[in-house]
Amino acid sequence: MTTPSKIAEQAARLLSLEDKVALVTGAASGIGRGIALCLSNMGACVAVLDMDKTKGDQTASEIGAHGGKALSVKCDVRSAADCRSAVQAVIERWSKIDILCNCAGIAIRKDVVELSEDEWDRALDVTLKGIYLLSHEVIPAMIRNGGGSVVNIGSGWSLKGGPKAASYCAAKGGTVNLTRAMAIDHGRHNIRVNCVCPGDVDTPMLRLECAQLGEDVEKFMREAAHRPLARVGTPEDIANAVLFLTSPMSSWITGAALVVDGGGLA
């Protein structure tokens with residue numbers, strides 16, 4: 001008979017990230033911060049990458065305060081040089097990278113008429129090109145190490161359109177299909193590549209979207225909660241999905257787009 005202690009032991013083994021090294025972009029706040037904290041709680045050493053070094057340092061300090069190991073690196077994911085330097089810093093510290101979570105992204109709430117060319121370029125460069133640049137640097141290290149797991153953060157709007165979000169929908173739609181292409185290319189290297197597609201999550205970015213649209217924050221949040229589970233998401237909701245996809249529990253899952261949105265797309 002399986003005892004409670006054996007069940008707990010098996011569950012811990014399936015979700016453990018002990019001895020793993022994770023790199024998370026956009027980890028200074030919001031969903032990225034939640035992912036960094038979650039992966040650390042499950043045993044991973046975590047590299048916190050973000051343009052905002054001050055807030056990145058705060059995330060790393062919080063991980064350290066809870067007994068984890070973290071490295072904060074300032075990185076503009078639009079810059080090949082920054083991405084290369086960040087990956088080198090992580091490998092110098094921990095000798096390998098097992099997990100890459102591409103979370104950095106921006107939302108500019110405009111349609112194609114309102115959107116400037118510079119805004120289009122910035123949105124696509126941060127949200128989509130950044131995935132390519134980090135993956136370009138990290139995947140060779142994963143191959144040398146015998147495998148790894150990449151999780152790209154998409155959106156519900158990866159799978160359907162949304163109003164006044166042309167560049168965001170384009171970038172997030174590209175994220176899902178890039179995920180599939182990477183899964184096909186690198187399965188033979190024992191590298192799994194998946195995508196998590198969040199719905200509305202209460203983060204500084206979502207509140208900034210509200211401001212861009214000139215809407216009342218509380219009204220915006222109430223309307224965002226109109227979904228089967230009757231609430232907006234939390235960074236922890238998304239982090240738990242990332243944990244699942246980076247853990248041994250999902251060892252035969254690759255090329256998937258996991259929707260985590262409280263039923264919003266149902």
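Let me begin with E62, which at 27% relative accessibility counts as partly exposed in this predicted model, because partly exposed covers the range between the 20% cut-off for buried and the 50% cut-off for exposed. The residue sits in helix 3, residues 53-65, and, once residues up to four places away in sequence are set aside, E62 touches R33 and L37. For the second of these partners, the C-alpha atoms of E62 and L37 are separated by 8.0 Å, although the two residues are 25 residues apart along the chain.

A second glutamate, E137, belongs to helix 5, and here the relative accessibility is 17%, so E137 counts as buried. Leaving aside neighbours within four places in sequence, the contacts of E137 are with C83, R84 and V87.

That brings me to helix 5 and its partner, helix 6. Helix 6 runs over residues 166-186, and its 21 residues reach 30 Å from the first C-alpha to the last, close to the 30 Å expected at 1.5 Å a residue. Among the buried residues of helix 6 are Y168, C169, V176, T179 and A183, and the buried residues of this helix pack against helix 5 (117-145), strand 5 (148-153), strand 6 (191-198), helix 7 (204-212) and strand 7 (257-260).

How do we describe two packed helices? In general, by the angle between their axes and the distance between the axes. For our pair, the axes of helix 5 and helix 6 come within 8 Å and cross at roughly 15°, which means that helix 5 is roughly parallel to helix 6. The crossing in which helix 5 passes helix 6 is right-handed. On the helix 5 side the contact is made by W120, A123, L124, T127, L128, I131, S135 and I139, and on the helix 6 side the residues include A166, A170, G174, L178 and M182. Sorted by class, the contact of helix 5 with helix 6 has 11 nonpolar, six polar and one charged residues.

I would like to finish with helix 9, residues 235-246, whose 12 residues should span 16 Å at 1.5 Å a residue, and whose end C-alpha atoms are indeed 16 Å apart, so the two values agree. Which residues of helix 9 are buried? They are P235, I238, A239, A241, V242, L243, L245 and T246. As for what covers these buried residues, the surroundings include helix 1 (4-15), helix 2 (30-41), strand 4 (99-102), strand 5, strand 6 and strand 7.

Key. Residues numbered from 1 in each chain as written. Predicted model: local features only at pLDDT ≥ 70, side-chain atom pairs only at ≥ 80, totals over all residues. Heavy atoms only, no water. Helix = DSSP H or I, 4+ residues; strand = E, 2+ residues; numbered from the N terminus. Expected span 1.5 Å × (residues − 1). Buried < 20%, exposed > 50% of the residue type's maximum accessible area, 1.4 Å probe, protein only. Contact = heavy atoms within 4.5 Å. Axes fitted to C-alpha atoms, helices over the stretch in contact; angles between N-to-C directions. Parallel < 35°, antiparallel > 145°, perpendicular 65-115°, else oblique. Left-handed = near helix turned anticlockwise from the far one by under 90°. Nonpolar A, V, L, I, M, F, W, Y, C, P; charged D, E, K, R; others polar.
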